[in-house]
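Please look over the chain shown here with attention to its side-chain contacts, which the paragraphs below take up in turn.

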Amino acid sequence: MNILLIGGTGSLINNLIVKFKKEGHRVYLITGERHSKAPYQKVFERYDFPYEATCLKDVFESINMDVTIFLGAFDTNFKWINEEGEAVRYSSGLMNILMSYSMKNLGKFIYLSSEEVFGAGSKENIDEYEAQSAFDVKSMVLMQAEEMCESYRTHRGMDIITVRLDHLFQFPKKKNEVSDLPGKMCLEALETGKISINEGNSFSLLYEADATEYIYRIANAHKHNEHVYNISSMRETNEKELAETIARFMDTPVAVVSMDNAPRRLILSNARFTSEFGNQTYCNPDEVIRNITTFMQKNRYIFLNNLDKKPPIYKRILDKTGWAIKAIIPFLENMIAFVPFFLLNNIAVGSQFFANLDFLLLYVLLFAIVYGQQQAIFSAVLAVAGYIFRQMYDRSGFEVLIDANTYVWIAQLFIVGMLVGYLRDQIKKLKRESVDERDYLSLQLQDIQDINDTNIRVKDALETQIVNQNNSVGKIYRITSELDKYSPEEVLFHAADIVSKLVKSDDVAIYTVNNSQYARLFSATSQKARQYGNSVRYRETGELYEALAQKKVFINRSMDSRYPLMANAIFDEEDRIQIIVMVWTMGWEMMTLGMANQLVVISSLINNAVVRSSRYLEAITEKRYLEGTKILSEDAFQEVLETHQNAEREGLAYCALLQVQDERNYDVLSNEISACLRDSDMLGLMYEDSHLYILLTQTTSEDSLIAVERLREKGIKCEYMEDGVRCLRQDRI
């Protein structure tokens, strides 16, 4: 499957990447930052785009994903320090992701939420139907995000699943990864030598590795019954017990200080998830907390030496007053430039050449052009003050104020200055908008180029994979087609050897089922592959039969020695198990969904060869058996005997040959002997011999004595042929 993960760097997303890759899926990643250099596990393709980018729909269309997982409440791109600002970013980012996803509506969309949406807590375990209650900005935003997902699911017909993780905690490697309660308690103990707790707070801790497994089950499920699931460890504890556990593992005394806060019990019920997907906890919380405490103590310099320190006072003053200084500088320049223009204006008044030149107007125009309307008004005010001051050299202030020319000049100054400043501001605004639009279009073009480059890399990678992969469909078909060169009796013997080559395992067994409760061993490549013996009640094999009955490939993930590592069943036209292929040994890295799918393809191709052989044998049944009996003719029995003895020499099977020492009619002997034999055993005649012979398949010489004794009890005397090969006709062409 194509898996798209969306979220910032962190241990949770890295664990998900590793898990899906290990299971044979192709993983894509959207980091949420345009220039992200954060460390991630290696993925098939990575996209460094913000959640608000308009190109997300193109990314989704390019990936053609089967499952999309958005980390949501656990996305490290959101720090939640400035809660109001992060709330806007979070909501807008999720909206754009859902909108882009809805345009393609491919596969399922999994949104990760947390227990924070139930801030008030409850005396009982909280199920999915419980009413939500926010207690801060983040929990309110998470509630709204769940409602947004539900709205898209119901109104757009999208397969969206909300998964709430209950008190998720991780193994922090550095200080900025300390975000959960166990990590904060360990850090507080290292910093202050004490742990502050609210003794009445009860909760259950869910380790990140377990959460990864549970998320994978939902993502890998072919269908699901609900659209909201709570995931919890259901191990109730409280802050006092957790703090005492951490203090016990500390190498220095740590005081546990209780604070008088209102108690709260917040534990999610995972009954819905367990009933549908099962529940298996892989990690022991106490052991994990001990490892976390030990690691943080051992590397305390990492967690303590990087404590936030206040910058020097002069830097703090500069940070707070920097904007004011930048705003004052144009006014200072204006005031300084006013002095020379005022002097030039005074000189021009008494000059016959410059008398008509207004330097104060030029001064206002200069600052209107350079700084715009705001500085034009300020320079005009200074110019008016300078003009009045210059006029008062020859006249009184009252005379200047009642002079109409004064107001005409002032109006002219302000009109020209403000008009030029306004035009300058508009031109600058247009240029800025033009630059912004150009940058935006350039960014869009760059995004398109990045997506195109990614598509080219993906196409090349897929082409290389198809051409060069060791287990390509072409190679599988080429190897399985070798079965066509074998006789009908030899097909299943060599099928085990072919499966062994393709799955790179030395221990492969093939069992056949003939409408009975037993599966009979037909061929095996090693002694280990015969672990179940010659016959097995396959319906009583527990997990193995449950998987095969559902037409699924059985994968022994628990490494239980009672079961093969991988097995697959081949069904007939009436959906009855016909053949079971068992692989007993293989590399751990091979136990993936991809290898399981390959085993299905291999089994299908083998089944095609078996069906062709079966139909051929059915077509010549009259020629193979004596009329009215189950006794093979000389030619047919000779071929079967040769096939089994060749398989025995190649280590694929065992066989034993018995000679019947009874002169009664073949019809009578056929019925009596057949009642004592297994479905896989055969009766036949040999050339130039009047005796009847029994071929016991998958039977050693020691085991054949049991069959001889059983026949003797029925009054049928048999003799074991020490060397069955000597019975073959040597001159047979």
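In this predicted model, Arg 537 has a relative accessible area of 32% and is therefore partly exposed. Its side chain meets that of Glu 540 in a salt bridge, with 3.9 Å from N to O, and Glu 540 counts as exposed because its relative accessibility is 60%, where exposed means over 50%.

That pair belongs to a wider set, since a search of the whole structure finds 19 salt bridges. Another of them joins Asp 48 to Arg 46, whose closest N and O atoms are 3.1 Å apart; Asp 48 is partly exposed at a relative accessible area of 22%, and Arg 46 is likewise partly exposed, at 27%. A salt bridge also forms between the side chains of Glu 128 and Arg 272, at 3.9 Å from N to O. Glu 128 lies in the loop between strand 5 (108–114) and helix 4 (137–156), whereas Arg 272 belongs to helix 8 (residues 271–277), so this contact ties together parts that are 144 residues apart in sequence. Both partners fall under the 20% limit that defines buried residues: Glu 128 has a relative accessible area of 12%, and Arg 272 has a relative accessibility of 14%. Elsewhere, salt bridges link Lys 19, Glu 23, Glu 213 and Arg 557 into a network, and Lys 19 also lies over the face of Tyr 216, at 4.9 Å from the ring centre. Arg 248 is placed in a comparable way over the face of Phe 249, at 5.1 Å from the centre of that ring.

Turning to contacts between rings, the count comes to 25 aromatic pairs. Among them, Phe 78 and Tyr 90 meet edge-to-face, with 5.0 Å from centre to centre and 65° between the planes. Because Phe 78 sits in the loop between strand 4 (67–70) and helix 3 (83–104), while Tyr 90 is part of helix 3, the pair ties together parts that are 12 residues apart in sequence. Phe 78 is buried at 5% relative accessibility, as is Tyr 90 at 2%, and ring pairs link these two with Tyr 51, Phe 70, Trp 80 and Tyr 111 in a cluster.

What of the cysteines and the nonpolar surface? The structure holds zero disulfides; Cys 55 is buried at 3% relative accessibility, and Cys 149 is buried at 1%. On the surface, Ile 328, Leu 332, Met 335 and Ile 336 form a nonpolar patch with about 400 Å² of accessible area together. Met 335 lies in helix 11 (residues 313–349) and, at 44% relative accessibility, counts as partly exposed.

Note on methods. Residues numbered from 1 in each chain as written. Predicted model: local features only at pLDDT ≥ 70, side-chain atom pairs only at ≥ 80, totals over all residues. Heavy atoms only, no water. Patch = residues over 30% accessible without salt bridge, like charges linked within 9 Å, V, L, I, M, F, W, Y side chains within 5 Å. Areas by Shrake-Rupley, 256 points an atom, 1.4 Å probe, with all protein chains shown as cover. Salt bridge = Lys/Arg side-chain N within 4 Å of Asp/Glu carboxyl O. Helix = DSSP H or I, 4+ residues; strand = E, 2+ residues; numbered from the N terminus. Buried < 20%, exposed > 50% of the residue type's maximum accessible area, 1.4 Å probe, protein only. Disulfide = S-S within 2.5 Å. Phe/Tyr/Trp six-rings, centres within 6.5 Å; stacked < 30°, edge-to-face > 60°. Lys NZ or Arg CZ within 6 Å of the ring centre and 35° of its normal.
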